[in-house]
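Work through the exercises below with the model in view. Try each task before you read its solution.

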Amino acid sequence: MILVIGTLVMVLFSSLNSARDDMEEATVQGVAQSIRTQLMEAVAHRETFGGQLPASDNPMDWVQAKPANYLGAVDRMPEEKSVWYYDANSRVLIYGYRDGRTARFQLSRAARAAGVRGVMSGIGLVRLETSQ
């Protein structure tokens, strides 16, 4: 009986861990989509009212609403997990998952050619290959 309960507990914990990973990925995708939308708003504002777009390659310099767990521009990977940061050396926006993986995004000024969704006037946020 104890063996059956132990096995069920192990299966439950595995399922909960998998669900937590899925929720973290969904959150990352939601934040990335929010950034894409804000980038399009910045471009639309410039198209409508004129002015200059930010010269920065950091997408967070383009948006008004930054994620609460955004650490800013850094020169090296932070020790914190489940945070957004801009790697100033590689010029890439990164989300560090709790398990050590990263999701990497780059501001593109030629995203239309790459077939990226959420693009206006070629400006978009491209998800790069995930690293382990």
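Helices (H or I, at least four residues) and strands (E, at least two) are DSSP runs, numbered from the N terminus. This is a predicted model, in which local features need pLDDT of at least 70 and side-chain atom pairs count only at pLDDT 80 or more, while totals for chains, interfaces and linings use all residues. Residues are numbered from 1 along each chain as its sequence is written, and side-chain values use heavy atoms, with hydrogens and water left out.

**Exercise 1. The order of elements**

Task: List the elements of the chain from the N terminus on.

Solution. Start with the count: 2 helices and 5 strands. Then read along the chain. The order is α-β-β-β-β-α-β.

**Exercise 2. The overall form**

Task: Set the radius of gyration of the chain against that of a compact globule of 132 residues.

Solution. Take the radius over C-alpha atoms; the globule rule is 2.2 Å times the number of residues to the power 0.38. The rule gives a value near 14 Å, but the chain has 19 Å. Next, look at the principal axes. The C-alpha trace spans about 70 × 30 × 25 Å along them.

**Exercise 3. The span of a helix**

Task: Compare the expected span of helix H1 with the distance between its end C-alpha atoms.

Solution. The expected span is 1.5 Å times one less than the number of residues. H1 covers residues 2-49, which is 48 residues, so it should span 70 Å. Its end C-alpha atoms are 70 Å apart, and the two values agree. Now step past the helix. Just after H1, glycine 50 has a positive phi of about 85°.

**Exercise 4. Buried and partly exposed residues of H1**

Task: Find which residues of H1 are buried, and what covers them.

Solution. Buried means under 20% relative accessible area, exposed over 50%, and partly exposed in between (1.4 Å probe, protein chains only). Across the chain, 33% of the 132 residues count as buried. In H1 the buried set includes Val28, Val31, Ala32, Ile35 and Leu39. Charged side chains appear too, among them Glu24, Glu25 and Arg36. An α-helix has 3.6 residues a turn, so residues three or four places apart point the same way.

The cover includes strands E2 (83-87), E3 (92-96), E4 (102-108) and E5 (124-127). Contact here means heavy atoms within 4.5 Å.

Two other residues complete the picture. Alanine 26 lies in H1 and is partly exposed, because its relative accessible area is 46%. Methionine 40 also lies in H1; at 23% relative accessibility, methionine 40 counts as partly exposed.

**Exercise 5. Sequence distance and distance in space**

Task: How far apart are the C-alpha atoms of methionine 40 and methionine 120?

Solution. Along the chain, the two methionines are 80 residues apart. In space, their C-alpha atoms are separated by 5.7 Å. Try a second pair. Alanine 26 and aspartate 57 are 31 residues apart along the chain, with 25 Å between their C-alpha atoms.

**Exercise 6. Positive phi in the loops**

Task: Where do serine 82 and arginine 91 lie?

Solution. Begin with the rule. Most residues other than glycine have a negative phi. Phi of serine 82 is near 55°, a positive value. Serine 82 sits in the loop between strand E1 (70-74) and E2. Its relative accessible area is 24%, so serine 82 is partly exposed.

Arginine 91 comes next. Phi of arginine 91 is also positive, near 55°. Arginine 91 has its place in the loop between E2 and E3. At 47% relative accessible area, arginine 91 is partly exposed.
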